[in-house]
Amino acid sequence: MSGPRPVVAAATCAVGLGVAMFDNTAVLVALPALGESFGSSVSGLQWVAATAALAAAAVLPFSGALGDRFGARRAVRLGLGVFALAVLAAAASPSLPALLAARVFQGAGIALMLPNGAALLQANVSDAARSRTFGTWISVSSIGLIAGPLAGGWLVSELGWRSIFLVPVPFALLGILGTLRLRERRDGRPAGRLDLAGSAVAGTGLALLCWSLIEFGRSDGDAWWATGCLVASALVFAALVPVERRAPTPAVDLALLRNRTYVAIMVSCLLYNATTTGGAFLVSLLLQDVRGFGAVETGLIILVATVGMPFGGRLTGRLAQGGSLRRLMAGAITVLALAYVLVAALALGPLAWIAAPLLLTGFASGVLYSGDTLAVLGTVDPGKTASGLASLSLVRQVGAVLGIAVLGSLSALAERIQLVDLGLRAGLLVAGLSVVPGILLLLRHLPRPAPRSP
């Protein structure tokens, strides 16, 4: 039986990523309204912004193993269903703790959708069409990223913050129906039982690590509690090594850490996801808390920072051949670094001056999100596609938590000690500079172009 057209497969598999992107950008616009509704401080808003990423990081080792063992299509359907129920619970939340609990389940749904959605797409396209189809996948999913600030700002102003959580529900249901047309990869699946022990140990370690990062980032956080969680996460990760060595089909493939290309992709991914997510968090606070803009105006400005993403994804799909991916991703990180340095320098200047570099951040993010997915697909074995992509998604989520926590705390510290005239300016500057090592890693370790035959 022939499969669906590549564009249909890409659109179907893009639903999970699209609703996750919508949620991320819409919540950023809604943060001040949420804070006013629940009487929450900035540290509480950090938890709202980061809890879904924390939960996703904890579930991702299990998600990849589940997709490899039982099929990416089943995992995607489960993720879409969990996410739909969780956003309904978020919309009905009577308190901040209830909202955070719903965000935990949102993160679990995201963890199931993201790597398995990419793995499902991989199973439905030929190798020759892979780069172009994954560019389409990023472009279609970016509709959610673009709609998030625009629709989110309008909904918050007109209907209240609860309405933003209702938007993804019909799309999640359509995504579940759409997977009926997609075929499942059945070759190379690992045999044996699911590695629940490894998934549990890895998830616990990641949850403790992310928790400690958020707690360190809070202005009123408990440093002793955060330190204890950090030490505990190190002990749990140390225990992960013998657990996974004994597992016939480990949930976390430690052998991949011996692949320098894979490690370079992961470290670079951690850095630029910390920059983009933490930077977006700071820009939202800058526009609303410092510049005094409303939710609609802020949504329009953040839209500028997302509208370039589908174009970056499409460009990567067209140019990602051989060693060109190496130069393309390194160039995108360079653009990202310069853009956030410019935003920091122009934070209090005319809006048009801020909007121009923000437009570049979206384009660079599209290149990087599509590029790192293609790079991982070219590195891991077909039977471990979901697990490899789960590790990539895991690093993205940890980077998101790291960016929100660390850049938020740096901004607060710079404000308290009056290091600069505006603490957010310092955070944005660090966001730009911290991603620079990723340029060197990618240029050194990603494959170089093959020599042309005479």
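Me: Let's start with two helices: in which hand of crossing does α9 pass α16?
Reply: Happy to help, and do keep in mind that this is a predicted model. The axes of α9 and helix α16 (residues 437-445) come within 9 Å of each other. As α9 passes α16, the crossing is left-handed.

Me: How are α9 and α16 oriented to one another, roughly parallel or roughly antiparallel?
Reply: Begin with the angle: the two axes cross at roughly 160°. Angles over 145 degrees count as roughly antiparallel. That is why α9 and α16 are described as roughly antiparallel.

Me: Which residues of α16 make the contact with α9?
Reply: Look at both sides of the pair. On the α9 side, the contact is made by Arg260, Thr261, Ala264, Ile265, Val267, Ser268 and Leu271. Facing them from α16 are Pro437, Gly438, Leu441, Leu442 and His445.

Me: How many nonpolar residues does that contact of α9 with α16 have?
Reply: Sort the residues by class. Four are polar and one is charged. The nonpolar ones number seven.

Me: Staying with α9, is Asn273 buried or exposed?
Reply: Asn273 sits in helix α9, which covers residues 260-290. Its relative accessibility is 10%, and the cut-off for buried is under 20%. So Asn273 counts as buried.

Me: Which residues is Asn273 in contact with, leaving aside neighbours within four places in sequence?
Reply: Some partners are far along in the numbering, so it helps to find them in the 3D view. The list for Asn273 is Gly278, Arg396, Gly399 and Ala400.

Me: Now for another pair: what term describes how α3 and α6 lie to each other?
Reply: Helix α3 spans residues 72-91 and helix α6 spans residues 168-178. They pack at an angle of about 165°, with their axes 9 Å apart. Because angles over 145 degrees fall in that class, α3 and α6 are roughly antiparallel.

Me: Which residues of α6 touch α3?
Reply: The crossing of α3 past α6 is left-handed. From α3, the contact uses Arg77, Leu80, Gly81, Phe83, Ala84, Val87 and Leu88. From α6, the contact uses Pro168, Val169, Ala172, Gly175 and Ile176.

Me: And how many nonpolar residues are in the contact of α3 with α6?
Reply: Again, go class by class. There are two polar residues and one charged residue. The nonpolar count is nine.

Me: What word describes the angle between α4 and α5?
Reply: Helix α4 (residues 96-123) packs with helix α5 (residues 130-158) at about 140°, and their axes are 11 Å apart. To be roughly antiparallel, an angle has to be over 145 degrees. This pair does not fall in that class, so α4 is, relative to α5, oblique.

Me: Which residues of α4 make the contact with α5?
Reply: Here α4 passes α5 in a right-handed crossing. The α5 side offers Arg130, Thr133, Phe134 and Trp137. The α4 side offers Ala118, Leu121 and Gln122.

Me: How far apart in space are the C-alpha atoms of Ser126 and Pro6?
Reply: Ser126 lies in the loop between α4 and α5. With a relative accessible area of 44%, Ser126 is partly exposed. Along the chain, Ser126 and Pro6 are 120 residues apart. In space, their C-alpha atoms are separated by 8.7 Å.

Me: What is the relative accessible area of Gly35?
Reply: You can find Gly35 in helix α1 (residues 6-38). Beyond residues up to four places away in sequence, Gly35 touches Ser40 and Leu45. Gly35 is buried, and its relative accessible area is 8%.

Me: Which residues does Ser233 touch, not counting those up to four places away in sequence?
Reply: Ser233 belongs to helix α8 (residues 223-246). Its relative accessibility is 3%, so Ser233 counts as buried. The residues it touches are Gly205, Leu208 and Leu209.

Me: Stepping back, how many helices are there in the chain?
Reply: The chain has 454 residues, and 57% of them count as buried. It contains zero strands. Its number of helices is 16.

Me: What percentage of the exposed area do carbon and sulfur atoms supply?
Reply: First take the total: the chain exposes about 18400 Å². The part supplied by carbon and sulfur atoms is 67%.

Methods: Residues numbered from 1 in each chain as written. Predicted model: local features only at pLDDT ≥ 70, side-chain atom pairs only at ≥ 80, totals over all residues. Heavy atoms only, no water. Axes fitted to C-alpha atoms, helices over the stretch in contact; angles between N-to-C directions. Helix = DSSP H or I, 4+ residues; strand = E, 2+ residues; numbered from the N terminus. Parallel < 35°, antiparallel > 145°, perpendicular 65-115°, else oblique. Left-handed = near helix turned anticlockwise from the far one by under 90°. Contact = heavy atoms within 4.5 Å. Buried < 20%, exposed > 50% of the residue type's maximum accessible area, 1.4 Å probe, protein only. Areas by Shrake-Rupley, 256 points an atom, 1.4 Å probe, with all protein chains shown as cover. Nonpolar A, V, L, I, M, F, W, Y, C, P; charged D, E, K, R; others polar.
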